[in-house]
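This report looks at a pocket, two sheets and the cysteines of one protein model. Please keep the sequence and the 3D view open while you read, and find each part as it is named.

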Amino acid sequence: MMGPASSVRNAGKFPGKLDAVVIGSGFGGAISCCRLAQKWGKGVLLLERGKRYPMGSFPRAPHQMADNFWSDPNDKVRRPRHIHNRSLRGMYDIRNYSNMDAVVCAGLGGGSLIYANVFLEPPEHVFASGWPAGIDRDFLRPYYDVARNVLGARPVPPWEEDPRRRIERTEFFRDFAREQGRESRLADICVFFGNNYNYKDPRSLPLSIGLQEKNRYGATQTSCTYCGECDVGCNTHSKNTLDLNYLHVAEHVHGARIQTGCLVEKIVPLDEQGDEDTTADGKHGYRVHYLELDGAATFVDTQRVVVSAGTLGTNELLLRCRDVHRTLPRISRQLGQRFSGNGDFVSFVVEGKKAADPNYGPVITQYSDFNLFKAHDPQRSFILEDASYPVFMAWFIEGMQPMLNPFGLLRKVWHTLKWLWKRVMRTLIGGKWSGQVADLFHEILKGDLSYRSSVLLCMGLDKGDGVLSLKEGRLDIQWPQKSSMPLYRAIVDCGKRFRAFAGSTFFTPLPTWKWPMRNNITVHPLGGCALAHDSERGVVSAGNDRGQVFGYTGLYVADGSLLPGAVGANPAATISAVSEWIAEGVTGNIPNADLGAYHLHKI
């Protein structure tokens, strides 16, 4: 038994025992916070390590972007050396492991701040492999529907009546899919096009580009400006990020308390007297120890805890509590097993003969099915999605063109020399130089490298056979890459066919995939705390104690770590649905899309 900690002090902000503490603010944490706050109001506290991002606060200037990474000396994470040796509080948390690197987000709203907005349910057969019996797409249907409604998922508006809404990239990828005999569909994306826009109703119209209004939960948003900046934080709040719906209502309607800049260090069960007791099972509550990054170490007592720190953060916290601090020794030995990168793979096709215009529109607008939904091939199931990137990146690429494409530079020099010769001749004949600057810019800038280049985003069914563990005090991923190589080869082959379709001479995956590194990069880490019907097969209950960690009362997990492997599709939809299901079990309240915010807007 452990007595009260002597090295920390309760800051007195939250006297007594709270009803619930939620750790993390991604899809699982935001949903848990909102649903629990509907029941317990101010008795709910959310702890988030990152900071808030009000409208217009996401970094854009070069010196700001240089520091837009996360690296805190208080955690023990392997990161790129130039980042690891500095104390940074930005959004991007880049982590390096053997055969697998990961990019996750720090900030209020978690991964929703930088994800590509896609809400896509996986095919039914995904749930037949590794998922506990009874938990499938039909079972989760009402929870998918609620989350889809709250997050406002719908395709981009049609552009027949408004040419500004035309996205060439969408048509380009659609044409490639048709050429390959594949199906391309507009993706449901969580982007704000106005409260009244409903793509299923042909009479509904989107709010004009750039206009603002309060969304149905009371937060101000801007109708999408098609700037392509979704993945670097939307400064117009056109993305339906979690801080504009679930978290907004939790805090401003139900009174949940949210503390940013807090790094949770350990969770300890309490005994009947309220003292720390590592032999207890949690029925008397927990003490959550955390570090205020700009303050001191402190703790708070609570009746229940929801761990939603993302797949990497949740696994690391629970592994430390079980194996280092030994405060939660009952956690299943399955902890850390069945890790998946969701088959994430990024490639580039550069300077094709057809326009792709990757700097316009939301980051993803469509997906093309390569044996995931139809003609299922369990070894080679993936989807191909288009991708945009911000205009400022296009200017950067133009500046880098001498190194990226020397022949393209020579071509521009030739066009410029021809222009100069014409101007000299016209001047000698009696013309003037004035008014010719626009013509010069046209010659230099036309046919920029970005306009005919494409970013290919793929994700699919990798084997989900990775292992998360602590190695020398740090989280480590053992990723047996070879078992998923048929998938990666199929994705690379698809990229080569896209290159031929685009008329390009250059295709490359991310540099990390080049020999001899052969490192995958995932932005959708999943698994490690798999849902199951018993502790021999997983970490978290899929039964009546839904979402509860086996061996403990009132200790829950709600994030991507629950998924027992890859889902192939973008996982935000499934994480949201499962989190809604768990929150319903915790509170006993059936979820609906109004979030209990009746007095704001009729839904």
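What volume does the second largest pocket have? In this model, which is predicted rather than determined by experiment, the second largest pocket has a volume of about 830 Å³. Its lining is made up of 38 residues, and those closest to the centre of the pocket are Arg148, Gly152, Ala153, Arg154 and Tyr199. Rolling a probe the size of a water molecule over the atoms is a way to show where empty space is left.

Several elements take part in this lining, since at least two residues each are supplied by the helix α4 (137-151) and by the strands β8 (153-154), β9 (184-186) and β20 (366-370). The largest share of the lining of the second largest pocket comes from α4, which gives 6 residues. When the lining residues are sorted by character, 15 are nonpolar, 10 are polar and 13 are charged.

From the pocket we turn to the sheets. Strands of a sheet pair through backbone hydrogen bonds, and the pairing may be parallel or antiparallel. One open sheet has 3 strands in the order β6-β7-β26, with mixed pairing. Its edge strands, each of which pairs on one side only, are β6 (92-96) and β26 (520-522). From one strand to the next, the twist averages 20°. Within this sheet, β6 runs antiparallel to β7 (residues 100-105), and 5 bridges connect the two; Arg95 stands opposite Ala102, which belongs to β7.

A second open sheet is built from 4 strands in the order β1-β16-β15-β14, again with mixed pairing. Here the edge strands are β1 (17-18) and β14 (262-269), and each of them pairs on one side only. Strand β15 (residues 286-292) pairs with β16 (residues 297-302) in the antiparallel sense through 6 bridges, and these two strands form a hairpin with 4 residues between them. Strand β14 is also antiparallel to β15, with 7 bridges between them. Three of the bridge partners that involve β15 are listed below.

| Residue | Bridge partner | Strand of the partner |
|---|---|---|
| Tyr290 | Thr298 | β16 |
| Val288 | Val300 | β16 |
| Cys262 | Glu292 | β15 |

Is β15 enclosed or open to the outside, and how many of its residues are buried? Because 7 of the 7 residues of β15 are buried, this strand is largely enclosed by the rest of the structure. Both of its faces are covered, with Tyr286, Val288, Tyr290 and Glu292 buried on one side, and Arg287, His289 and Leu291 buried on the other.

The cysteines are the last topic. A disulfide is a covalent bond between the sulfur atoms of two cysteines. How many disulfides does the count come to? With the requirement that a pair of cysteine sulfur atoms lie within 2.5 Å, the count comes to 0 disulfides. Two of the cysteines can also be described by their accessibility, for which buried means under 20% relative accessible area. Cys190 has a relative accessibility of 1% and therefore counts as buried, while Cys529 is buried because its relative accessible area is 0%.

Methods
Residues are numbered from 1 along each chain as its sequence is written. This is a predicted model: local features need pLDDT of at least 70, side-chain atom pairs count only at pLDDT 80 or more; totals for chains, interfaces and linings use all residues. Side-chain values use heavy atoms; hydrogens and water are left out. Two strands pair if DSSP finds at least two bridges between them. Axes are lines fitted to C-alpha atoms, for helices over the stretch in contact, and angles run from 0 to 180 degrees between N-to-C directions. Buried means under 20% relative accessible area, exposed over 50%, partly exposed in between (1.4 Å probe, protein chains only). On a 1 Å grid over the protein atoms alone, a cavity is a set of points where a 1.4 Å probe fits but cannot get out, and a pocket is an open set with protein on both sides within 12 Å along at least five of seven lines; lining residues have an atom within 4 Å of a point. Grid points are joined across faces, edges and corners, and a volume is the space filled by probe spheres set on the points. Ala, Val, Leu, Ile, Met, Phe, Trp, Tyr, Cys and Pro count as nonpolar, Asp, Glu, Lys and Arg as charged, and the others, Gly among them, as polar.
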